[in-house]
Structures are given as C-alpha cells and as structure tokens.
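Here are my notes on the model you sent over, as numbered points. Have the sequence and the 3D view open while you go through them.

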Amino acid sequence: MSLSFSAETHICQWKHPQYTGSQLGHFCCSKLECGSFAMIIVTFCLSLVFLYFWTEAQNDYNDFDWFNFGNLGFWFPWSMMLLATAAVFFTYIAFLLLLAVCLLSEGQRLYLHCGHKIGILVTLIFSIAAIAVLSDLWNEKWETVLLSFQMTAPYLQVGGVLLMTLLSWPLASHFFCLRQRVRRMVIIGLYGAVLMSLYLVPLGMYSPCIKERNSLGPAPALIGHRGAPMLAPENTYMSFEKVVAAGGDGLETDVTISYDGIPFLMHDKSLRRTTNVEDIFPNRTHSTAAMFTWNELQQLNAGAWFFSQNPFKTASSLSPEDRIQAQNQSVCTLRAVLELAAQYGKLVIFDLYRPPRGHPYRDMWISRTLEVIQSESSIHSNQVLWLPPELRELVQETDPELQQTSGSLAPVEELQQNHIVRLNLHYSSMSEAEISKYSAVNISTNLYVVSEPWLFSLAWCAGVHSVTTNAVHILKKLRRPLFFMTPQEYSTMWVLTDMVSLIVILVVFIFHWQRKQRVNLCSGRNMIHDNGCSPEFRTGTNDVLSLTML
C-alpha cells in the first residue's frame, strides 16, 4: 500500500503504473531518472541552506522590511512572506525526496510526473535566486549563520547522525541487492566516510555555551533599542516607558537637532516613515527632519503609523488603554528621555546626527546636545554613554564624567588614549576572545541589535556586558542561556548518540544480510521446486507488484 501511494504521488495519476523494477543485482534507474533524483537532492540541499539562513536571520527581519519600504515606498511584511515561501518549497521537496528514496530502495522507478519536474525546477530557481540576491544585498547575514552554528552545531550533529541512521535502511536494502563489487564498495565507502565524520565532528567543535556553570557570568544588561518598539511606536516617550516597566537597564535612541535648536528623537533623515507629515505638511514629505522647527514637529502624530504598518506584528497585543496612548504619541525630545532615565537610574546611549548645510546649528550640534545634558536635565553625566566620535577630545574636556563609547574596534592602547570605557558593536563582531581581552582592561562591550533569544544566549555565554534590543520584555524573562550545557553533559550526549546510532546501523545491515540469505535460499529451492519457497520468505518481483496493485 505504501509503495502504491508513493508511486501515485510521483506520477500524479490515479492509476497504478506497470511495474518495471530492476532485476536483483542491477541498478533500477535510467540515466534520466538518475538525473532527476540528483536534481531532487541538489534542490533539497539548496532549499535547506536558504531556509536555515533565513530562519536564523529573524533577528533582522524588521531592518529588511524597512529597507524594502525605503526602496519601494510602501509597507509589506516581505520577511515573513519569504520565510513562508521557503518553508513551503522545502517541505514539498523534502516530501518528494522521501518518496523517491522509498521507491528506489524497493527497486521501483520514480515515474516523476512533469508537474513535479516543474515544481523541482521552480524550487531550485527560487533557492538559487534568493541566496544570490540576499548574499549581494545582505552579505553580512552569513556571519549570523556562522554565529548560529556556535549554538546549534551540537544539535545539528545529533540530527545528522539521526538522518544517516535512518538512511541505513534503504541503503542496506540496496547494498545487498547489488552484484557489482565496485558499486558496493563506493556506496559503503561514501556512507561510512560521512557517518564517521559526523561521529567525530564534536572533536573540533566550539560553542561558548558549553562550559562549566560556575564560569558563566551574569546576563547582559538590556538597553531598549529606540525604546520598546514591539510594544509602542519607536522613539516615543511611551516606548521608553515600556522599557522601564519591563525592567530594562538602559535606553537607546537617535537624536536630531530641530531648526530652532531643540534636540529631538528621530532615526530617519525624513519624517515620512514614523509620522503623518504627508497629511500635515504635504509639500515637505521628503524634507530633512532637522529642517523643521520644534513648533512644526509638535503638530505631527508619531504613533498612528504603528498600527497601520504593525512592524513587529505585535500591535494587536496592546491593551485598549495602550492603543489609545500609542495612537496619540508625538515627537519626543531628548530632554524628556534624559529625565526619565534620571528618574529611574537608567543608562542612555544615542546616535547624534549632524544637521545639514544651511542649518543654524550645523556647527553647534555637539555643544547644544551637551548643554541639554548638563543644564536642561537632571541626569548624571555618568549615566550617558557618549557615542558620537566627532570632537571627542573636546567633549571629554567639557564633561569628563561621560562614558566615552566607541562604535568600532581598535587596539587597546588607542582606546585607552581616547578614554574609551565601552565598545558599541554590531553583534556580528561577537568574539569571546576579543570580549575577554577588552574586559581585562575595564572596557565593556555592548552589542546591537540583539532581539532573538538564541543570539542573546550566545552573547551571554561569550561574556558580553550589555546588548541593545527590540525585545527587552522577552529577553528579561530568560533565566539561563538557551542550549547551555556543561562539557560533561555534552560528552554524554555525544557518546550515547554515536553508540546508539552505530548499534542500530549494525542491526539494520545484519537484518538485510539475513534477508538476502533467505532470498538466495528461496531462489535455490525455486530451481528444484517449481512452486517456490514458503510465502513468508518470498520477496521477489511478484510480491512488489502485488504491493503496488493494493
């Protein structure tokens, strides 16, 4: 019955194909079918690579969607659509591969319908195109994949061993049917080499989260990226209140100077994405945000877009009260955020954008921002992580209590000369050795933007001191890193997996060897008695045909 179902699935016709299985000891596939099977395998591998790549890139889906918004001019959740498409294609091709292996292991032809051939080709083209385009536009995300291996490699090894163990059944069945010694040696040689590699790969494996429990440091401090953008519109006062309520340790934002000298919060160069500037100032939609006066900025709504675009798909989770509050948010000033941080003892870090040419504060943007910190707010200077690299020496002389923070790696001596006490780096720069080196000279490390629990866990295990995140409310709930285990626990898992796998594979090959011996015995009896052997040992062509016709 299962063979009949497999055949029907591959031919896409509700009729039973005429059995044309191979004779014992001969290969069952034509060159065309061998090519089709090879194409299925290649497509499966490429679709798996892309699905894994895109799944691990979830940390940056929001950036991907906003990138497309900036280029296309309209909002659409491209990242989730791409993930769903990749999952559908992979599931389809994995199902075809499974059926193909089952059919070939029983000596049947694939009977691959032209519709499936088109489906395989479409999946192959999609996987190649997606990998090529994203590698060109988003090449640094491959570094995320490499980082993910540090977390998932121990479990991928277990999965690989499990897969090779499952493949032992059809492989053994086919192996004992072959008469050509060369083919048998090639098949068993390749299988054994791959299996042995998977058994021994943990010897060269590295994962920061495989360590003794007493060597694991405290969880990194959580700094809200533009506030809590999953719970409220980014860079609004409500967004930063949500960080405080969730137990965050700091606030991160972006500061622009208005035309009349008021530092306010805005990430983009224009107001188009996060305000209703198109409705209030239709002729200035694409104007630089810094060219608006504070009075004009106060006329804008900075919250309604959060519900129309729903960037993190979390707007529906807000309570009725929060929805009303979020919809009525306005552009927020730097002073307001500094006062909130001062009230609750939180750190503040921000990017500071220099105004464009023709702006009254183009050459005073540093001094104006320092004036707000020192004179117009009650925050202590040591709560501010000063990130702007311009005029750093002047800033240090003006306010030596500011925590000088660098956005790039540099030799320790250079960082110390510039009074740097913290590094603010992209998470792809994560290296346990580098973090430890800087920590030894009292230079802490902050990584941005870390929102996925697995990535936060990796940062925790690597000794990172703080992370900038979109998900303070989620990461705050983690009590220990994901995938964390001691070396003893991992060694036990590794040895048990390999031993069980080896035993199962030996049993499978012994079973198929004994089955082959019984078949040979029956064949010998058939040469003497025309009525053949007993039914329980009959595994010839007629039996396969009868199974197909069920």
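1. Start with the nonpolar core. This is a predicted model, and its largest nonpolar core has 59 residues. The residues with the most contacts inside that core are Phe350, Leu352, Trp386, Met430, Leu447, Phe456 and Val467. Helix H18, residues 453-462, gives the largest share of this core, with eight residues. Apart from it lies another core, this one of 28 residues, and Leu51, Phe64, Ile131 and Leu134 are among them.

2. Val467 is a handy place to click first. Leaving aside neighbours within four places in sequence, Val467 is in contact with a run of residues at Pro220, Ala221, Leu222 and Ile223. The list for Val467 also takes in Asn446, Leu447, Val450, Phe456 and Ala459. Two of those names, Leu447 and Phe456, also appear among the residues with the most contacts inside the core.

3. Next, the strands. Strand E2 (residues 250-257) pairs with strand E4 (residues 347-352) in the parallel sense, over six bridges. If you want one pair to find on screen, Glu252 has Ile349 of E4 as its bridge partner. E4 also pairs in the parallel sense with strand E5 (residues 384-386), over three bridges. Here the pair to look for is Phe350 with its bridge partner in E5, Trp386. Phe350 and Trp386 were both on the core list in my opening point.

4. What do E4, H14 and E5 make together? With helix H14 (residues 365-375) between them in the listing, E4 and E5 make a right-handed β-α-β unit.

5. Is Leu222 buried or exposed? Leu222 lies in strand E1, and it counts as buried because its relative accessible area is 2%, under the 20% cut-off. Beyond four places in sequence, Leu222 is in contact with Gly248, Asp249 and Gly250, and also with Phe456, Val467, Thr469, Val472, Leu475 and Lys476. For Gly250, the C-alpha atom is separated from that of Leu222 by 6.4 Å, with the two residues 28 apart along the chain.

6. His225 is in the same strand, E1, which covers residues 221-225. His225 has 10% relative accessibility, so it counts as buried. Not counting residues up to four places away in sequence, His225 touches Glu252, Val449, Thr468, Thr469 and Asn470. Its side chain also makes a polar contact, at 3.4 Å, with the side chain of Arg226.

7. Arg226 deserves its own look. It sits in the loop between E1 and helix H8 (237-246), and its phi is near 55°, a positive value in a residue other than glycine. Arg226 is buried too, because its relative accessible area of 9% falls under 20%. Phe483 has a positive phi as well, of about 65°, although it is not a glycine. Phe483 is found in the loop between helix H19 (472-475) and helix H20 (487-528). At 34% relative accessibility, Phe483 counts as partly exposed.

8. Please check the peptide bond from Tyr448 to Val449 by eye: it is cis in the model, with omega near -25°. Val449 lies in the loop between strand E8 (444-448) and H18, and it is one of the residues that His225 touches. As background for this point and the previous one, most residues other than glycine have a negative phi, and most peptide bonds are trans.

9. Ala302 is worth a look in a loop, the one between helix H10 (294-297) and helix H11 (305-309). Ala302 has 6% relative accessibility, so it counts as buried. Leaving aside neighbours within four places in sequence, its contacts are Pro233, Thr236, Thr274, Thr275, Gln329, Ser330 and Val331. The C-alpha atoms of Ala302 and Ala326 are 8.5 Å apart, with the two positions 24 residues apart in chain numbering.

10. Finally, the chain as a whole. The chain has 21 helices and nine strands, and buried residues make up 47% of its 550 residues. Of the contacts with a separation of 6 or more, 68% are between residues 24 or more positions apart. The accessible surface comes to about 26900 Å², and 62% of that belongs to carbon and sulfur atoms.

Methods
Residues are numbered from 1 along each chain as its sequence is written. This is a predicted model: local features need pLDDT of at least 70, side-chain atom pairs count only at pLDDT 80 or more; totals for chains, interfaces and linings use all residues. Side-chain values use heavy atoms; hydrogens and water are left out. Two strands pair if DSSP finds at least two bridges between them. Helices (H or I, at least four residues) and strands (E, at least two) are DSSP runs, numbered from the N terminus. A crossover is right-handed if, with the strands pointing away from the viewer, the path from the first strand over the helix to the second runs clockwise. A nonpolar core is a set of buried Ala, Val, Leu, Ile, Met, Phe, Trp, Tyr and Cys residues joined through side-chain atoms within 4.5 Å. Buried means under 20% relative accessible area, exposed over 50%, partly exposed in between (1.4 Å probe, protein chains only). Contact means heavy atoms within 4.5 Å. Accessible areas come from the Shrake-Rupley method with a 1.4 Å probe; for residues, only the protein chains shown count as cover. A polar contact is a pair of N or O atoms within 3.5 Å; within protein, one must be able to donate a hydrogen and the other to accept it, and residues adjacent in sequence count only if both atoms are side-chain atoms.
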